[in-house]
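Trainee: I have a structure open and would like to go through it with you. Where do we begin?

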Amino acid sequence: MSQLSATETGRSRLQFQWTPLKVILAANVLLVLFLQFVAGQNLFDPRTLSTLTPLLGIMVIIGLAQAFVIGTGGIDLSVPHVVTLMGIIMLKESGGLDAQLPWALLVAAIVCIIIGLVNGILIEVLGFNPLVTTLATGQVIMGATIIYRGASLNTTRVPEALYGWVRGGAFSVSIILITAVVLVVLTVLFVRRVVLGRRLVLASASARASELVGVSHRSYRVSAWVIAALIGGVGGVLMAGQIASPDMSSGGPYLLSSIVVVVLGGAVLTGGRVSPMGTLLGATFIILLDHGLAVMGYSTGARLLVQGVVLALGLAGVGLLMRPRAAKTSRVKPDEEQPTTDASVLQTT
Amino acid sequence: MLSSESKWRKAATVLAAGSALALILTGCSSGGNTGGEEAPATEIDTSFEYDEAVVQEIVNTAFGVDFPISDLPEETLEGFARASVELTPEQVETALGCWKKPQCTIGDGDLHVGTFNAVDNLWQTAAAMNVMLQAMTYPEVGTITYAFVNDLPSAQSAVRSMVADGVNAIVSYNPFGSAMAPVFQEAQAAGTVITTYVGETPDVGGDVINNQVYAEACDAGTAMGGVLKDDLGLTESDEIAFFFGTPGNPQDTLVQSCLEEELADGGPSIGFNQDTDWSRPGVAAATSALISSGVPVKAILNTYSDPMPQVVDAYDQAGESVPAILTWTEMNEFFGIWESRLGTDQEFDLFYTNALINQSRLALTNAMTILAGGDVPERTPLQLPVIKAEKGVYQADLPGDFPGWSALIPEDVIIGMTQ
């Protein structure tokens, strides 16, 4: 078996490779530098941090929920309706009372698990199309929310405990963003260091591969949907606390943007490994971009246009970055003996 | 020679085509009136005796300020007068039982009124309740149909269903603008009267909407400009922010253009402008951008008070004083926030308008007058006085989204609605 020379091995280790994570990190750095020094916006001003970081935190959490689903090759269009429903649950089940908050949170969690199970079973077990299925379940959730909410609500404000908690933070950074970062870190640890998490990633990324190694892909893939719904529920609860009086419009902004942030983080919509850190950076980029454009006075139309262009570039960029890596794994040098086992095929990305 | 299978297939095709043709012909002739013919006047007793003093009191409540009835369009007087009718306990029970039901019997009359709603909040559903309460003052009205619609296609479908069901009048808030024109015209061709309230549908005439009751947006913009200059004392060296609702909506466009015209003469300039979709997340994001921009606005203007608590929240989080707020409609939770800050260093000036919901009563009465063969103009514009908030505006025993007494909903009904 021939081997790469020591020089070539060393050279390949030193060679810088652009990965989606590095690209989105660089994009964030460039955007911050642009907004800070060219557009003249002080992003680190306590006033900006205190109002922007809650919005960013919620976007990260909802993006993380979407990431679990996109990793399976699906898309969850019911996310905004889950967010809205969480807000109404916080109002109705708590009655605005701190003592009832634990009950409201329990109800919210159970509802999220049910939604996740329904989505997961319909898609992973019965094989329905994720786009159409979650569109349908989203409508069901919206209708159920309207009926559940009733004609009017006697309570229109979440419990003070929740309201007060989400207003906490450190150095003007909202506790919502801190919570989001903690969730991202826990997710990274879960998918990399915990056996269950690694199996979840394997089953999500490739049902076939997990079958071959004896991992039951269906139960793990359904779990991905349940986890996604639970994380989305966390985002909805925090959003309810942030808004204080959630209404039927709470979840509206998160349909397209939750997909955008995951794609910007390097995910492929056909499924595969998804980077939680990439999702966090994707959320940061999109929120900073939208905020920066709003501060500069650009209209909603202009900002949506930019968001669409960014999504298209992100998709194209991820596609381009993935292609050379796939080509490299099959390249064979003509003047060398054909190895029995090509080391590059076993290279994991 | 055709095989038996082919014969059956051919026969089935002919049968299906014939059935479809029959259905189309039936649909074209349904509704009791042939298209293009004007429906004969319905027998409705529109004579309604009223005491001008009582009407004046109702009008003052509706506008939130003393507003002489002599300044009102003539067709609104009966509408306001009927709002003073005291309902019997049975009628209140019926109203609460029927509220938001798809269809309900509210009286013994033959007339059928329809209404639809695209936003499921108390403001909108209270307006629908007002349609029902006003209809109860007409013994000729027997049935109310209510539809909640998500979007334009479902709104169009709801109108078509109501027309097929034989409604005599559709009284509704129209958030879809002139996109509803084709279906409204079809309804009119079938003999149904169409009236709308709150928000003008521009560029359409009486052939689309028989009568529109709306707040005169330009006057309102001018009035807001007057408040900025005269009440707040803002000058050319000051700046304000204007929060739009949905991007490009014609109402806010008109408000802003008349506002700018008024401010051009020694008033502040609009230093920040942002869309909010009239939603809480939208207002939160817009306020965050406003604060980050560093533009030292002395006032924030918008045309819907429901999401405005987010402005106060954002300024509190940023550790800054809340500027003056000028908004349309009433929102009890917001009043509570404002009142709790009175006498503290966190207090801010607040100006608002009446809830606008009372216009649904006027639209119903105008529809009935048209059905009775009476003359009602295509448009009924109303002024929108701006009111300075004073202590007592907050109703502590009512929910946060209580739309205000200017809605003209009786107390026992509003309590029943919010329980």
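Trainee: Into which domains is chain B divided?
Mentor: This is a predicted model, in which local features need pLDDT of at least 70, side-chain atom pairs count only at pLDDT 80 or more, and totals for chains, interfaces and linings use all residues. Residues are numbered from 1 along each chain as its sequence is written, and chains are lettered from A in the order in which they are written. Domain bounds come from an automatic or database domain assignment. For chain B that gives domain 1 (52-215 + 357-384 + 406-417) and domain 2 (218-352).

Trainee: What separates the centres of domain 1 and domain 2 of chain B?
Mentor: The centres are taken over C-alpha atoms. For these two domains of chain B, the value is 30 Å.

Trainee: How many residues does each of these domains of chain B give to the contact?
Mentor: Two residues are in contact if their C-beta atoms, placed from the backbone, lie within 7 Å. By that rule, domain 1 of chain B gives 7 residues and domain 2 of chain B gives 8 residues.

Trainee: Where does the largest nonpolar core lie with respect to domain 1 and domain 2 of chain B?
Mentor: A nonpolar core is a set of buried Ala, Val, Leu, Ile, Met, Phe, Trp, Tyr and Cys residues joined through C-beta atoms within 7 Å. A residue is buried if 20 or more other C-beta atoms lie within 10 Å of its own, exposed if 12 or fewer, and partly exposed in between; C-beta atoms are placed from the backbone. The largest core has 210 residues. Domain 1 and domain 2 of chain B both give residues to this core, so it lies between them.

Trainee: Which residues does M129(B) touch, leaving out those up to four places away in sequence?
Mentor: M129(B) is among the residues with the most contacts inside the largest core. Its partners are A95(B), W99(B), I409(B), V413(B) and M417(B).

Trainee: Which helix supplies the largest share of the side of chain B that touches chain A?
Mentor: Helices (H or I, at least four residues) and strands (E, at least two) are DSSP runs, numbered from the N terminus. The contact takes 36 residues from chain B and 31 residues from chain A. Of the chain B side, 10 residues come from one helix, α10(B).

Trainee: How many residues of helix α11 of chain B are buried?
Mentor: This helix covers residues 309-318. Its buried residues include V311(B) and Y315(B), and they pack against elements of chain A and chain B, one of them α3 of chain A. The helix is mostly covered, and the number buried out of its 10 residues is 8.
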